[in-house]
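Trainee: I should like to study a protein structure by asking about it step by step. May I put my questions to you in turn?

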Amino acid sequence: MLIRKPTDIPFSEVTPQSLYLRRREFFQAAASGALAAATVLAPRGAGAQTGPKLPNVRKTPYGQGERLNSYADVTGYNNFYEFGTGKEDPAANAKDFTGRPWTIKVDGRVKNAGDHDIDSFIKPYALEERIYRLRCVEGWSMVIPWVGIPLADVINRLEPEPGARFVEFTTLNDARRMPGLNVPVLRWPYVEGLRMDEAMNPLSILAVGVYGEALPGQNGAPIRLVVPWKYGFKSTKSIVRIRFTDSEPRNSWQVSAPREYGFYANVNPEVDHPRWSQATERRLGEFRRRPTEMFNGYGDQVARMYAGMDLRKNF
Amino acid sequence: MKGFTTFRRLVFAAALVPAAALTYGAFTNNLTANPIDYITDITGLTALTFLTLSLTVTPLRRLTGRNELIKLRRMLGLFAFFYACLHLSTWVVLDWFFDFASMTSDVVERPFITLGMVTFLLLLPLAVTSTAGMIRRLGKRWQQLHRLVYVAAITAVVHFWWVVKADFREPRLWAVALSVLLGFRAWWTLRTRLPSRS
Ligand code: HEM
């Protein structure tokens, strides 16, 4: 079950200013070592929080005690190929992206199929803050304070039919708003999926905010999946469609390179990517690599879903 | 001639710009949220750039007849090696911090790292034998040895190709450029060696 630690830390104290300065320390170490010179370090410019706060966000015990990555890191270093394949492309190309108006199409084996307006879609649920680790399949990681709603609550309200064994998520496919879609680097639209028990796991959320504010475009505005025990690419951004199905969805990365990316994509230090090791990762802002944890450290909550499965085959 | 010396100096200064920009970026903390990855990419790309530029000298010389261009070749090649050294050092010091066990298994198990290492080891003897004394001492064998640069350029592009996850536009561009440069040599050799039929 969940490891619940009581907490009443107000949001403002979750993010001490000193953490923004961690990369300065890092570079002081790296630069003085590598370049052996005096260091005159300026903080990384833009990226201060500017937007209005989301109202009534409930604190949760998730991730308390983790050192957060700065807002600048979280919103400035992204893999979101719909906005370009460079790490800083999404922030640049999503500047004018708005997540309103926005419709989410719900279909497949589900009772409450239909088109849902984003605001009425999320209205029934209380917003929660969840501080989660995010591990990218490329070997870097961050700690991010998401604001979202439990996916299980959403699914229960949509009332899947008995045959619904998987949930498929689709990202917006609008090249006028997402210039990266003009380049066929992946099969568009971006599709991801979860097994129903994974989707119903209490860790799975639909995020609508980060750092107490509405999601910026580069982080998957206006609504995205977050499944922290899986590599980041599973966490579908800018969702326009949720489909309930009886067969395993063919997720975009698996279609692109089936030898390298599977359906499950659970963080696993023992199963390497065919081209690089997954045993270690670099937490952004830190100098030394750290060992990667099984299920990204969420084994207590998720390992039993995979009992008896060969995780080497189901990578 | 004087103009050309100035040009060479300008090329030399320009070749230092990427290193200077990285240094400046390090001190102003402006190398993305993942500076180590960024430095790795920039030094690798710059090494490949100079390697490719060094291969443009001969075709340009043949096409323009400006033989003084040859004086640029060694400098371009040595800058390729210089950035390859920075690239390798980034990997050894910043990425793995002298964790030789992990680095060794990476070289053995990861083909893209293996090819990076192969490329470096191909460039190393070329850099070492780039002095005037070595050129004199090795004579004809110098030419033969330095043909390794073609192999190094190919392994460098394949190394790049194997780094990439899905967006192959950039490595494809390098592969095309390299094909043109090597193709030119093949064409030139055929043209000059074979008797003309017309
Ligand atoms: C000495 C052994 C070498 C090692 C261990 C090595 C390692 C690496 C690594 C770890 C990356 C980055 C992968 C990533 O971004 O995830 C990389 C990228 C790259 N390397 Fe190397 N490399 C070596 C030699 C070379 C040489 C000699 C060249 C060129 C002459 C080269 C050119 C490149 C290029 C062009 C990239 C891609 C940059 C990009 O993604 O924009 N590498 N290499």
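The following exchange concerns a predicted model.

Trainee: How many helices and strands does chain A have, and how many does chain B have?

Mentor: In chain A the secondary structure consists of ten helices and twelve strands. Chain B follows the pattern α-α-α-α-α-α-α-α-α when read along the sequence. The count for chain B is therefore nine helices and zero strands, with helices and strands taken as DSSP runs.

Trainee: What percentage of the residues counts as buried in chain A, and what percentage in chain B?

Mentor: A residue counts as buried when its relative accessible area is under 20%. Chain A has 315 residues, and 56% of them count as buried. For the 198 residues of chain B, the value is 42%.

Trainee: What share of the accessible surface of each chain belongs to carbon and sulfur atoms?

Mentor: The accessible surface of chain A comes to about 13,300 Å², and carbon and sulfur atoms hold 51% of that area. Chain B has an accessible surface of about 11,100 Å². In chain B the share of carbon and sulfur atoms is 67%.

Trainee: Is B:Thr52 buried or exposed?

Mentor: B:Thr52 belongs to helix α2 of chain B, which covers residues 35-64. Apart from neighbours within four places in sequence, B:Thr52 is in contact with B:Trp174 and B:Leu181. Its relative accessible area is 11%, and the limit for a buried residue is under 20%, so B:Thr52 is buried.

Trainee: Which helix of chain B gives the most residues to the positive surface patch?

Mentor: The patch is formed by B:Lys2, B:Arg8, B:Arg9, B:Lys71 and B:Arg74. Two elements of chain B give two or more residues to the patch, namely α1 (2-27) and α3 (70-95). The greatest contribution, three residues, comes from α1(B).

Trainee: Is B:Arg9, a member of that patch, buried or exposed?

Mentor: B:Arg9 is placed in helix α1 of chain B. Its relative accessibility is 62%, and the exposed class begins over 50%, so B:Arg9 counts as exposed.

Trainee: How far apart are the centres of the positive and negative side chains of chain B?

Mentor: Chain B carries 22 positive and 9 negative side chains. Each set has its own centre, and the distance between the two centres is 24 Å.

Trainee: Why does the salt bridge between A:Arg243 and A:Glu168 tie together parts that are apart in sequence?

Mentor: The closest N and O atoms of A:Arg243 and A:Glu168 are 3.0 Å apart, and the pair forms a salt bridge. A:Arg243 lies in strand β10 (residues 239-245) and A:Glu168 in strand β5 (residues 166-171) of chain A, so the pair joins parts separated in sequence by 75 residues.

Trainee: Which residue of that pair counts as buried?

Mentor: A:Arg243 has a relative accessibility of 25% and counts as partly exposed. The value for its partner is 9%, which is under 20%, so the buried residue is A:Glu168.

Trainee: Where do A:Glu192 and A:Lys234 lie in chain A?

Mentor: The side chains of A:Glu192 and A:Lys234 meet in a salt bridge, with 2.6 Å from N to O. The pair links distant parts of the chain, 42 residues apart. A:Glu192 is in strand β6 (residues 191-195), and A:Lys234 is in the loop between β9 (224-226) and β10.

Definitions and conventions: Residues are numbered from 1 along each chain as its sequence is written. Chains are lettered from A and ligands numbered from 1 in the order in which they are written. This is a predicted model: local features need pLDDT of at least 70, side-chain atom pairs count only at pLDDT 80 or more; totals for chains, interfaces and linings use all residues. Side-chain values use heavy atoms; hydrogens and water are left out. Patches are made of residues with over 30% relative accessible area and no salt bridge: like charges are joined within 9 Å, nonpolar side chains (Val, Leu, Ile, Met, Phe, Trp, Tyr) within 5 Å. Accessible areas come from the Shrake-Rupley method with a 1.4 Å probe; for residues, only the protein chains shown count as cover. A salt bridge is a side-chain nitrogen of Lys or Arg within 4 Å of a carboxyl oxygen of Asp or Glu. Lys and Arg count as positive and Asp and Glu as negative; His and the chain ends are not counted. The place of a charge is taken as NZ of Lys, CZ of Arg, CG of Asp or CD of Glu. Helices (H or I, at least four residues) and strands (E, at least two) are DSSP runs, numbered from the N terminus. Buried means under 20% relative accessible area, exposed over 50%, partly exposed in between (1.4 Å probe, protein chains only). Contact means heavy atoms within 4.5 Å.
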